[in-house]
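This report concerns helix packing and nonpolar cores. The sequence and structure are shown first.

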Amino acid sequence: MSMPTDEDLLLAVRGGNVESLGVLVSRWEDPLYRFVSRMVDRPDDARDVCQETFLRILRRSDAFREGARFSTWMYQIALNLCRDRARRRKRWGRVVVGSTTPLSDDAPPRESAAPETADTHPGTALEAAERRRAVQRALTRLPNDQREVLLLKEYEGLKFREIAEVLEVPESTVKSRMYAALDAMRASLEPTGIR
Amino acid sequence: MSCETFRESILGRLYGENSATADDALTVHLSSCSACRDEIDALARVREALRDGEPQVARAPRLLVLHDRPAFRPALLAASILGAALVAGAAAGGGYAWVRGRTAPSGPAPSAPALAAAASPAAAPADRVPAPAATQEAVDRPMTRAEVDAAIARFERRIDSARAADMQYVLTQLEASEARSGQRIGRTNQALRNVALASNPGIGAQ
């Protein structure tokens with residue numbers, strides 16, 4: 001028996017099968033949390049936004065358009081929640097992408113979890129950490145509309161057409177923002193020697 | 001055509017989303033435009049840097065949809081109605097007995113065993129056995145105020161017990177959520193909502 005698609009599961013949720021929402025949650029909680037935590041400035045906010053996103057999916061499953069993609073709809077809900085939260089806090093301009101401090105014990109850096117390789121060499125690890133910090137700073141400096149597009153494209157792997165649906169703007173606008181974002185990242189990263 | 005018009009195609013090539021027509025046109029343009037070739041190379045390097053330096057994110061907390069207990073529970077509703085009827089009956093009977101006790105001491109009144117049986121269904125079957133002569137007298141005697149109070153107290157204890165069971169259910173769910181997520185539920189803003197932090201979606205299937 002083939003795996004039900006996300007859309008199948010959502011239709012089941014609409015029909016009252018809450019178990020299906022559990023499956024959707026298990027499929028999407030990691031990508032959603034990753035995206036949201038780069039859009040808001042506090043881990044607590046990221047948790048709350050993810051939670052609220054799934055709650056809205058549960059409550060508003062009737063609003064899902066037949067033929068649409070579940071992931072697009074989910075990101076749209078999450079992004080709107082991020083924007084609402086930022087608007088309330090009026091701290092949109094101070095979003096820090098990613099963590100500026102070492103990860104907690106329950107989430108060791110990838111390098112430390114991996115077996116001994118060239119990446120675990122202290123010099124290499126330092127370089128990797130420096131690269132991450134530089135990218136993090138550059139992302140934080142991006143205007144919000146460009147950062148949204150870049151995160152959805154580069155780290156979540158959405159197609160330009162899907163991002164246009166999430167943001168409810170023309171695809172040409174998405175590409176224009178993406179181009180500007182890459183250009184800005186280039187300008188930020190070049191002085192650091194990271195290419 | 002100016003280089004500006006090829007921006008979308010350059011992005012399309014970087015991410016593999018160009019149509020065949022757009023990609024062919026870009027290829028033709030690139031064959032004669034070193035600036036755009038350099039542009040593609042530079043943007044590809046930015047992409048590489050973004051991949052290599054992807055900001056880390058702590059592990060996602062687990063999310064769990066806890067099932068609502070059904071708002072309408074016929075058995076509980078029936079038990080509540082029955083209980084309310086018993087209390088009302090006991091109170092009315094007690095009041096009647098009290099009034100008759102002041103005016104006509106030998107009048108009919110609700111019996112203590114009957115009321116006890118109503119308040120304690122588990123004991124009821126035994127009370128349906130024909131009463132021996134010794135208890136027949138008790139059946140006929142009016143219920144005292146103390147007996148009415150005792151019956152009401154027993155009924156209240158049953159209600160409290162049901163409430164405690166409900167609370168235990170909620171606590172169990174919250175504790176399970178906390179154990180699996182490593183997060184104190186009370187630290188989130190959504191503490192007592194239907195969706196709680198936890199790790200196993202199956203835990204809600206009750």
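## Nonpolar cores

In this predicted model, the largest nonpolar core has 52 residues, and A:Leu32, A:Val36, A:Val49, A:Met74, A:Ala78 and A:Cys82 touch the most other members. H2(A) supplies the largest share of this core, nine residues. A nonpolar core is a set of buried Ala, Val, Leu, Ile, Met, Phe, Trp, Tyr and Cys residues joined through C-beta atoms within 7 Å; buried requires 20 or more other C-beta atoms within 10 Å of the residue's own, with C-beta atoms placed from the backbone.

Leaving aside residues up to four places away in sequence, A:Leu32 touches A:Cys50, A:Thr53, A:Met74 and A:Ala78 (contact: C-beta atoms, placed from the backbone, within 7 Å). A second, separate core of five residues includes B:Ala90, B:Met143, B:Val148 and B:Ala151.

## Helix packing in chain B

Helix H1 (residues 7-14) and helix H2 (residues 20-30) of chain B pack at about 110°, with axes 10 Å apart. Axes are lines fitted to C-alpha atoms over the stretch in contact, and angles run from 0 to 180 degrees between N-to-C directions. H1(B) and H2(B) are therefore roughly perpendicular (65 to 115 degrees). B:Ser9, B:Ile10, B:Gly12 and B:Arg13 of H1(B) make the contact with B:Ala22, B:Asp23, B:Ala25 and B:Leu26 of H2(B). Helices are DSSP runs (H or I, at least four residues), numbered from the N terminus.

## Conventions

Residues are numbered from 1 along each chain as its sequence is written, and chains are lettered from A and ligands numbered from 1 in the order in which they are written. In this predicted model, local features need pLDDT of at least 70 and side-chain atom pairs count only at pLDDT 80 or more, while totals for chains, interfaces and linings use all residues.

Terms used:
Helix = DSSP H or I, 4+ residues; strand = E, 2+ residues; numbered from the N terminus. Parallel < 35°, antiparallel > 145°, perpendicular 65-115°, else oblique. Contact = placed C-beta atoms within 7 Å. Buried ≥ 20, exposed ≤ 12 C-beta atoms within 10 Å, placed from the backbone.
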